[in-house]
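Here's a quick tour for anyone meeting this structure for the first time. Have a look at the sequence and the 3D view, then read on.

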Amino acid sequence: MSALGTAQTQLQAALEYLQSTDTTFDADQASSLLSKPEQLLQTELTITLDSGKKASFKAYRSQHNSQRGPYKGGIRFHPEVDAQEVQALSMGMTWKTAVADLPLGGGKGGIQVDPKKLSQPELEKLSRAYAKWLAPYIGPWQDIPAPDINTNSQIMGWMIAEYAAYLRQRSSQLKLPISTNPLATFTGKPLSQGGSEGRDEATGLGGAIILDLVAAALNWKKPDTTVAIQGFGNVGWWFGKHTAARNFKVVAVSDSKQTLFNPQGLALDEILKAKKDTGKLPTKGSFEVLAADDIITLDADVLAPAALGGVITQQNAAQVKAKTIIELANGPVASEAEASLLKQETLIVPDILANAGGVTVSWLEWVQNLSGDHWDSTTVINRLEQKMTQAFNNWQDFRHAHPSLSPRQAAVVLAVQKVLAAS
Ligand code: NAD
């Protein structure tokens, strides 16, 4: 099923459930409010390439829901970006900010491009063209973009510069002073341009906080609890570091080429150093080297997919040995695989809770920018821990009160209720 199909099915199931518990609930009205974005912006951006030729790229921004606050969500540069994908992802952001109890809504944007095929000047031109196009539709109280797949703090820096130029031009046209704070319009910025401490590690750390809370709730013996992490990029690395620091045993990590496995636990710092030095996971060390996909079916208590969507499929779900899957990537468990995992009594900690640490620190970045402050890393991390703990406890309470719902359904129904309560 497509990402949009899955998102729509989840929403309709949540609305049916709410109707089954309250006969006065108007599912049709709720569906017309939530099944489509409040605004879907799309265009074609044309830039001049280094060769002198022109090239055009499809660009999108889906502003799904702003009942709880300004739209919030990343901008991705990827060949598969399209109108359906941004709509699905923006709906997911509405649920994520609601589950994390942030005063924000949901948005997502992107450009259909393979950024690896662009030179640095071409990438800068395209990023600036996107920000120029989007400028009238964003702002600290309107829509707050951030980095996502293949975009980073440098790209946010270019976008802010373009956005600030738009504000200057508009203020001179209207003969009014600039009243918008450009820094509070983007998050995931470089520290030198108003970024927050702790943003890099936020998603992985948030996931580790959630896993620790799961372990406490289920009375796991932590030193014996083994963890396998698919993807050793930003999220996978920080999640590994913080779970190891919390006394879990990380026994496997993988990238697109291979899996490294040691049932006694991996030396993560050494592996990261090798990856930083060579750009790849090492092939020699105190571990066994297995195929990349073996990570999914390894003997580990916890599987943490931190790479791509749709990696746990109908085909491999029955071979998943982990009793807990913590979804650090967005949508790593395909909807077709979920039913068999639920039958196997695998606990799936849903992405809208498990990876909400990133948007939580983005929210803290926005708060700092709006208040003209810069907090130290301890302050940011303490607030992240507090927010993630509160979100986890709310989800647990909701699951106990609604035992017929799966863990994911509980998170979606909880989010939908919160959004409707603000409407
Ligand atoms: P990243 O690019 O830093 O890392 C991704 C890693 O996945 C890389 O190490 C890559 O080698 C690996 N990978 C790619 N294909 C793979 C495959 N087939 N098997 C195993 N590994 C593979 O990205 P990231 O920022 O760490 O994000 C990871 C996931 O988490 C993405 O799905 C992203 O959408 C999601 N996410 C990220 C954040 C964030 O704050 N960075 C927030 C929420 C969700």
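Two strands count as paired if DSSP finds at least two bridges between them. Keep in mind that this is a predicted model.

Let's start with the sheet. It is an open one with seven strands, in the order β9-β8-β7-β6-β10-β11-β12, and its pairing is mixed. At the edges sit β9 (288–291) and β12 (347–349), each pairing on one side only. On average, neighbouring strands here are turned by 20° against each other, direction ignored.

Now zoom in on β10, which spans residues 302–305. Strand β6 (residues 226–230) pairs with β10 in the parallel sense, over four bridges. Strand β11 (residues 324–326) also runs parallel to β10, joined by two bridges. Here is who stands opposite whom:

| Residue in β10 | Residue opposite |
|---|---|
| P305 | Q230 |
| L303 | I325 in β11 |
| V302 | T324 in β11 |

Are the faces of β10 covered or open? Both are covered: V302 and A304 are buried on one side, and L303 and P305 are buried on the other. In a regular strand, side chains alternate between the two faces of the sheet.

Over to the helices. Helix α3 (residues 83–99) packs against helix α14 (residues 407–421) at an angle of about 85°, with the axes 8 Å apart. That angle makes α3 roughly perpendicular to α14. On the α3 side, T94, W95, A98 and V99 make the contact, meeting A411, V412, A415, V416, K418 and V419 in α14. Sorted by type, the residues of this contact are eight nonpolar, one polar and one charged.

Methods. Residues numbered from 1 in each chain as written. Predicted model: local features only at pLDDT ≥ 70, side-chain atom pairs only at ≥ 80, totals over all residues. Heavy atoms only, no water. Axes fitted to C-alpha atoms, helices over the stretch in contact; angles between N-to-C directions. Parallel < 35°, antiparallel > 145°, perpendicular 65-115°, else oblique. Contact = heavy atoms within 4.5 Å. Nonpolar A, V, L, I, M, F, W, Y, C, P; charged D, E, K, R; others polar. Buried < 20%, exposed > 50% of the residue type's maximum accessible area, 1.4 Å probe, protein only.
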